[in-house]
Amino acid sequence: MSLEGRRVLFISYNGMLEPLGQTQVLPYLRELTKRGVKFTLLSFEKPAAFTPEGQRESETLKQELSEQGTEWHWLRYHQRPSLPATIFDVQVGIRYASRLVQRNKIELVHARSYIPATIALALKRKFGIKMIFDVRGLMAEEYVDAEHWPIGGLRYRVTKATERRIFAATDGVVTLTERIWPIIKQWEGLKGRDVPHEVIPCCVDLERFKFDEKERARLRTALKLGRRLTLVYSGSLDGWYLTEQMADFFARVVRKRSDAHVLWLTKGSHERVRQLMTARGISEERFSIRAVAPREMPSYLAAGDVGVAFIKRCFSKLASSPTKNGEYLACGLPIVINAGIGDSDSLVDQSHAGILINDFDNRNFDDALVEIEKLIDDPNIKSKARAVAEKVFDVNTVGAEAYARLYEALLQDD
């Protein structure tokens, strides 16, 4: 079936000026637009988008998307007080999206996560159109695991009740992992329903994220890395990311390898990183910290030898697909990650381009270092890592292709 001319409303609670919107929404829409889909995009933008500079960026992006075939609209995201602000955003979103559905003759609403799915549910009831619930993460469980909500509290109960209604109504489901699907398809709302489903991990634009030998050489010279073994961490500090345990691992490697260097790529507190490293006896010449613009990230990743990410292990993370895994691999870096996060265990077991850590102790760290040394001694490791990214995380051949299958399954009877 052709998707030519099919009209889809895509709703995202993440802004398109944010890194997540830039890497995990727009690349999919661009690829699906090439397959003929006519998108209307509705996003909720943070306050920065409404400053003079943000407005200029938004208008530039709007024009760019229009030329590619996507009509973009945005509303203001409200954060506090949490529950009233979210309810307000949902109500405004329903009213605004209703006009878009009518004006653009929308056939399908693609809702990225829970708040957009709440809006999509109202649109389905009002107009009888089909919807996709792109689950992303388990909202209530994530807030409980992060210790922000108590189980059974008001926000938890409201979220789970809304989730049940969404699951009972949705025409299609997307999850980030294979591992979570057998669990949630037994939940109330989905249980007993034969709902079209696709597993689509957080994919990567492989045209942007790639290994470039010249860029690697340039940045390694600029960072004064020479031939040193360089371990990279890219992303946020703390929260879901086990920054203390990563610092423990880095310190252990630096002590065991006189040529090891750690490259922290983060917009988080650089002082926090310095304190972590110096508290473990690591001098400042053994690590670097950089706040890197998104356009520069692929080059900085390619300057490293190994990508590292430790994430809090809990139930909600069975549904998680860390974006940085695909970005590391796409730039030729084998990965060092902890077990129990989404489909990461099977990814490492099947790819031979990564290492799983089960516990954060010196024995496991030393074993991981031995495996790292074996990996980087392989002259083909960069091409192997890249091949894994192409097979598992390509936004075009994996992500957009799976979305296209789901769109076709839902629109074929229309």
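## A tour from Phe249 outward

Select Phe249 first. Leaving aside neighbours within four places in sequence, Phe249 is in contact with Leu231, Val308, Phe310, Val336, Ile357, Phe365, Ala368 and Ile372. Keep in mind that this is a predicted model.

Now colour the core around it. The largest nonpolar core has 66 residues, and Phe249 and Phe250 touch the most other members. Helix 10, residues 243–256, supplies the largest share of this core, with seven residues. A second, separate core holds 43 residues, including Ile11, Ile119, Trp149 and Ala169. In general, nonpolar side chains in soluble globular proteins tend to be buried together.

Step along to Phe250. Phe250 also sits in helix 10. Is Phe250 buried or exposed? Its relative accessibility is 0%, so Phe250 counts as buried. Beyond four places in sequence, the contacts of Phe250 are Leu231, Tyr233, Val262, Trp264, Met277 and Val308. Leu231 is thus on the contact list of Phe249 and on that of Phe250. For a sense of scale, draw a line from Phe250 to Val144. These two are 106 residues apart in sequence and 30 Å apart in space, C-alpha to C-alpha.

Next, select helix 15, residues 362–377. With 16 residues at 1.5 Å a residue, helix 15 should span 22 Å, and its end C-alpha atoms are indeed 22 Å apart. Which residues of helix 15 are buried? They are Asn364, Phe365, Asp366, Ala368, Leu369, Ile372 and Leu375. Phe365, Ala368 and Ile372 were already met as contacts of Phe249. Show what covers the buried residues of helix 15: the cover includes helix 10, helix 16 (381–392), and strands 8 (229–234), 11 (306–309), 12 (335–338) and 13 (354–357).

Move to strand 2, residues 38–45, and strand 3, residues 70–76. They pair in the parallel sense over seven bridges. Find Leu42: opposite it, in strand 3, stands His73. Now trace the chain from strand 2 through helix 3 (residues 52–68) to strand 3; this β-α-β crossover is right-handed.

Last stop: the cysteines. How many disulfides does a search of the whole structure find? Zero. Select Cys202. The closest cysteine sulfur, in Cys203, is 7.7 Å from the sulfur of Cys202, too far for a bond. Cys202 counts as buried because its relative accessibility is 7%. Then select Cys314. Its closest cysteine sulfur belongs to Cys202, 16 Å away and too far for a bond. Cys314, at 16% relative accessibility, also counts as buried.

Notes: Residues are numbered from 1 along each chain as its sequence is written. This is a predicted model: local features need pLDDT of at least 70, side-chain atom pairs count only at pLDDT 80 or more; totals for chains, interfaces and linings use all residues. Side-chain values use heavy atoms; hydrogens and water are left out. A nonpolar core is a set of buried Ala, Val, Leu, Ile, Met, Phe, Trp, Tyr and Cys residues joined through side-chain atoms within 4.5 Å. Buried means under 20% relative accessible area, exposed over 50%, partly exposed in between (1.4 Å probe, protein chains only). Helices (H or I, at least four residues) and strands (E, at least two) are DSSP runs, numbered from the N terminus. Contact means heavy atoms within 4.5 Å. The expected span of a helix is 1.5 Å times one less than its number of residues. Two strands pair if DSSP finds at least two bridges between them. A crossover is right-handed if, with the strands pointing away from the viewer, the path from the first strand over the helix to the second runs clockwise. A disulfide is a pair of cysteine sulfur atoms within 2.5 Å.
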